[in-house]
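Thanks for coming. I will go through one structure today, starting with a convention and then moving to the contacts.

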Amino acid sequence: MPASKLVLIDGNSILYRAFFALPPLTARDGTPTNAVYGFTTMILRLLSDEKPTHLAVAFDKSKTTFRHADFAAYKGTRQETPDELVQQFPLARRTLEALSIPMIEIDQYEADDVIGTIAKRAAESGFDVRVVSGDKDLLQLVDNRIHVLLTRKGITEMEHFDEQAVARRYPGLRPAQVIDLKGLMGDPSDNIPGVPGVGEKTALKLLSAFGSVEGVYHHLDEVQGQKLRERLEQHREDAFLSKRLATIACDAPIDVDLEALRYEGPDPARAIAWFRELDFRSLVDKISEEMSHDSTPPASPAASNGAAADWDAFTYDVIEDAGAWQEAISAFSEPVGVMMDLADPDYHRADIRGMAVATPKRAYYVRFGERLELSDVRPWLVSDRPKVAFDLKSMAFALDAHGIGLTSQCGWHDAKLAAYLLNPQDGDVELDQVFARERGQELPAIKEGEREKWLVYTASQLPPLFESLAYTIRSQEMEQLYQEVELPLAFVLAKMEITGFYVNREKLIAFGQELAERIERITQEIYDLAGTSFNLNSPKQLGEILFDKLGLPAMKKTKTGYSTSADVLEKLAPMHEIVQKILDYRLLAKLQSTYVEGLLKVIRKETGRVHTRFHQTLTATGRLSSSEPNLQNIPIRLEEGRRLRQVFEPTYKDWVIFAADYSQIELRILAHLSGDEALIDAFRRDMDIHTRTAADVFEVPPEQVTSLQRRQAKAVNFGIVYGISDFGLAQNLNIPQKEAKRFIESYFEKFPGVKRYMDEIVKQARERGYVTTLMNRRRYLPDIHSRNYQLRSFAERTAMNTPIQGSAADLIKLAMVRIDRAMRDAQMDARMLLQVHDELIFECPKDELAALEVLVRDNMENAMTLSVPLKVDTAYGPTWYDAK
DNA sequence: AACTTCACG
DNA sequence: ACGTACGTGAAGTTT
């Protein structure tokens with residue numbers, strides 16, 4: 001049994017040291033945080049290095065202490081504490097609260113005295129004691145059980161002093177003599193006088209000869225040097241006063257039970273939430289990481305709130321009949337974690353074997369079979385009893401196959417959605433990553449034969465996980481976004497995935513055959529022109545043919561060789577017949593491999609439909625993405641590709657495909673966010689925005705805008721939304737960079753509000769470390785402070801783009817939730833099929849078309865009230881192609 | 001697994 | 001002097 005180890009920290013001293021040692025640092029609201037940051041990193045370092053069993057931080061309580069009664073000028077030369085530091089003391093206290101570290105302070109005593117008193121008492125009780133400070137005075141406390149750690153240059157580096165180390169630092173000095181040393185030398189920083197003319201060297205010599213201040217004066221006549229003797233004589237009072245002032249009171253009236261200082265580790269959720277508030281991003285990661293590695297007691301992080309149950313000791317009951325099920329659920333009052341036991345990791349083809357239902361207190365595995373069917377648990381699953389899942393959409397999908405339709409009324413929460421809102425830049429994260437990051441908890445690996453136990457254990461941990469996440473969601477004002485948008489949307493998306501989109505397989509195959517013939521023909525033509533056959537799909541081989549064999553000029557290089565991208569080939573097209581054919585080949589090959597073959601692979605035999613997956617927790621901006629197949633990038637720009645849309649048909653004869661898309665949604669949002677008068681005016685007048693932009697930028701009447709000018713203005717508008725650069729615009733328009741620069745300057749002159757907004761949002765990103773959307777969706781931009789130009793510029797463009805792109809995502813998501821609800825209320829048969837960022841696709845019986853049009857338009861246009869109107873265009877037809 | 005290219009908003 | 005447009009997914013080649 002190792003001895004108990006008490007670490008005592010001199011809070012004031014460490015905060016001062018950190019404040020002066022670290023460069024200015026602020027939280028998003030401008031509050032200075034550098035001292036707290038240093039203080040916190042130092043404490044975290046101590047926790048991992050020293051592994052204390054007991055811990056406390058001492059603070060000075062009041063400005064005056066018993067020492068001022070003795071000597072009014074004590075610490076009289078101290079500069080006023082800078083305001084930036086004063087502000088950080090309350091933050092430091094809150095930090096300690098968040099880390100569950102006790103604080104101690106006693107009226108009329110300094111932190112030193114508190115530390116000295118407790119240190120001595122603890123040492124007597126057999127503790128190993130470590131005192132942490134930046135103040136050398138504390139060295140007087142050193143003995144064989146008490147060691148002192150003094151900060152060195154930085155803040156986390158510590159010098160460890162035991163008795164030998166003190167003697168090395170002050171040759172021949174015993175710790176108890178530190179006060180005598182101070183008595184003779186004085187200490188300008190505390191305005192302790194000492195004996196003038198006596199410095200460290202002299203004082204040490206005197207003390208090695210006479211042992212103490214008292215000894216020195218007792219043997220004053222033996223002191224070498226007349227001048228020194230005179231000075232000592234003259235300042236006898238000062239010497240004794242100085243020694244008294246330097247002496248730490250180890251008998252302060254403190255009523256502290258040492259056991260109350262026992263340290264069980266912080267509650268990671270609390271710590272992380274607080275560090276987030278302070279914008280200590282690196283510490284959020286660090287604490288998650290450290291805690292996930294450090295699961296051994298006594299520093300078990302979550303032991304204090306009983307959150308992290310012990311895996312080895314974890315037990316659960318198995319429920320196999322309806323009676324046991326009823327009994328189990330009737331006893332739950334708090335939120336229950338639920339994990340479905342799917343037979344296949346792919347939720348689109350998964351069968352439900354069982355279900356884990358658990359809280360940290362009671363845990364069950366529900367096994368479905370003859371005595372208990374899924375339908376028996378249906379009432380509970382759809383009830384409003386609070387339940388926490390991880391990835392509700394997949395659960396809703398799987399349950400639908402059993403006739404159980406979850407809705408937003410069913411009392412569910414989704415920890416995955418909450419985690420995504422807090423850290424969208426992490427992408428689609430798995431359960432274990434969320435536990436590690438949010439709770440500092442390492443989930444056990446799923447071992448052979450322990451699958452059920454793993455599911456039940458994990459389910460039991462979901463409620464506390466969600467509680468942490470929800471706390472932070474609320475503190476970041478994203479509750480509405482979570483409650484009213486993302487959570488209900490999960491059910492809408494599940495339904496859309498379940499519905500799927502009917503694909504006419506015969507048409508698709510016929511289209512593929514047509515493509516195959518054309519590809520065959522064009523391939524032969526290219527080989528003839530090249531004089532050799534090669535792999536047309538290989539940019540490397542193609543580059544050799546074009547640039548080496550045919551001697552065409554290489555315009556651009558990639559990491560690995562010549563670039564053969566479309567924009568390069570387009571420039572080369574006039575120079576050789578082969579180039580256009582290669583472009584044509586690429587177009588056809590893309591359609592064939594990605595769309596015809598790709599789509600054929602994912603048509604479900606049973607339904608004749610494709611069931612895309614919408615990823616709700618993936619993009620950094622809040623958009624959805626779509627995969628297997630991706631139905632958000634079906635060709636439209638070129639007629640050749642657009643024809644693919646003819647294979648997407650309604651499920652039933654006499655139904656139609658109905659499409660509704662927002663007109664210029666991103667520029668309208670920019671108008672709203674920036675408040676730019678010209679832009680707002682343009683939208684209020686419902687003008688063609690690109691023509692209006694061209695008229696302003698090129699200073700011609702709108703009627704006289706040429707098609708080239710409009711095209712260029714359109715590119716400028718895109719550039720603005722993306723976070724413009726002259727280089728990017730030049731590249732896009734294939735014009736000189738200088739000219740692009742003139743366009744941009746001219747744009748900002750005509751739309752000064754946009755310029756102001758762009759400057760402001762970048763500034764805000766720098767100050768807060770993140771940007772937000774209309775619904776408070778947040779994206780962190782750590783690179784905004786990078787010294788690397790490229791990274792910093794990228795972060796700045798992202799700062800400009802994300803509020804626009806993300807707000808558009810908020811808007812259409814909100815519209816989807818409302819449309820779904822309205823369609824259900826109206827008991828429509830029509831179904832929402834797809835979302836493509838600014839448009840929604842439905843299939844609809846012809847006789848519902850008029851009602852659907854009104855319902856959809858109304859909900860899309862009025863999803864939010866902005867300073868410009870929102871405009872929606874609609875269309876319908878027998879196939880997706882015709883809904884234009 | 002990384003790279004290139006290209007489809008969409 | 002630097003070297004980019006914002007957000008995605010899929011296919012094919014090369015390493």
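Before the details, one definition: helices here are DSSP runs of H or I with at least four residues, numbered from the N terminus. By that numbering, Q709 lies in helix 30. I will come back to that residue at the end. Please keep in mind that this is a predicted model.

First, the protein overall. Chain A has 884 residues, and 54% of them are buried. Its secondary structure comes to 35 helices and 23 strands. The C-alpha trace spans about 115 × 80 × 60 Å along its principal axes. If we take the contacts in chain A with a separation of 6 or more, 69% of them join residues 24 or more positions apart. The exposed area of chain A is about 40,000 Å², and carbon and sulfur atoms supply 48% of that.

There is one annotation to mention. An unreviewed UniProt entry gives residues 641-848 as "domain: DNA-directed DNA polymerase family A palm". In the model, that span is 59% helix and 13% strand, and the C-alpha atoms at its two ends lie 30 Å apart.

Now the DNA, beginning with strand C. There are 35 residues around DNA strand C, and those that come nearest are S538, S625, Y789, F794 and R797. By class, this surface has 20 polar, nine nonpolar and six charged residues. Which helix gives the most to it? That is helix 34, with seven residues. Helix 34 runs over 789-825. The elements that each supply at least two residues also include helix 25 at 577-602, strand 16 at 625-627, helix 30 at 707-722 and helix 31 at 726-733.

On the DNA side, 62% of the strand C atoms within 4 Å of the protein belong to sugar or phosphate, and the rest belong to bases. I have three polar contacts to show for this strand. A backbone N or O atom of A620 is 3.0 Å from a phosphate oxygen of DNA strand C. For N630, a polar side-chain atom lies 2.8 Å from a sugar or linking oxygen of DNA strand C. The side chain of S593 has an N or O atom 3.4 Å from a sugar or linking oxygen of DNA strand C.

Next, strand B. Here 23 residues surround the DNA, with T564, A566, K590, I636 and D838 coming nearest. Of the strand B atoms that come within 4 Å of the protein, sugar and phosphate account for 75%. The surface near DNA strand B divides into nine polar, eight nonpolar and six charged residues. Helix 25 gives the most to it, with four residues.

Again there are three polar contacts to show. The backbone of K559 places an N or O atom 3.0 Å from a phosphate oxygen of DNA strand B. T560 has a polar side-chain atom 3.1 Å from a phosphate oxygen of DNA strand B. In D838, an N or O atom of the side chain is 2.5 Å from a sugar or linking oxygen of DNA strand B.

Finally, back to Q709. Is this residue buried or exposed? Q709 counts as buried because its relative accessible area is 16%, and the cut-off for buried is under 20%. Leaving aside residues up to four places away in sequence, Q709 touches A694, F698, V700 and Q704.

That is what I have; I will take questions.

Conventions. Residues numbered from 1 in each chain as written. Chains lettered and ligands numbered in written order. Predicted model: local features only at pLDDT ≥ 70, side-chain atom pairs only at ≥ 80, totals over all residues. Heavy atoms only, no water. Near = heavy atom within 4 Å. Polar contact = N/O pair within 3.5 Å; in protein donor to acceptor, adjacent residues only side chain to side chain. Nonpolar A, V, L, I, M, F, W, Y, C, P; charged D, E, K, R; others polar. Buried < 20%, exposed > 50% of the residue type's maximum accessible area, 1.4 Å probe, protein only. Contact = heavy atoms within 4.5 Å. Areas by Shrake-Rupley, 256 points an atom, 1.4 Å probe, with all protein chains shown as cover. UniProt positions renumbered as here; feature names shortened; annotations may be inferred.
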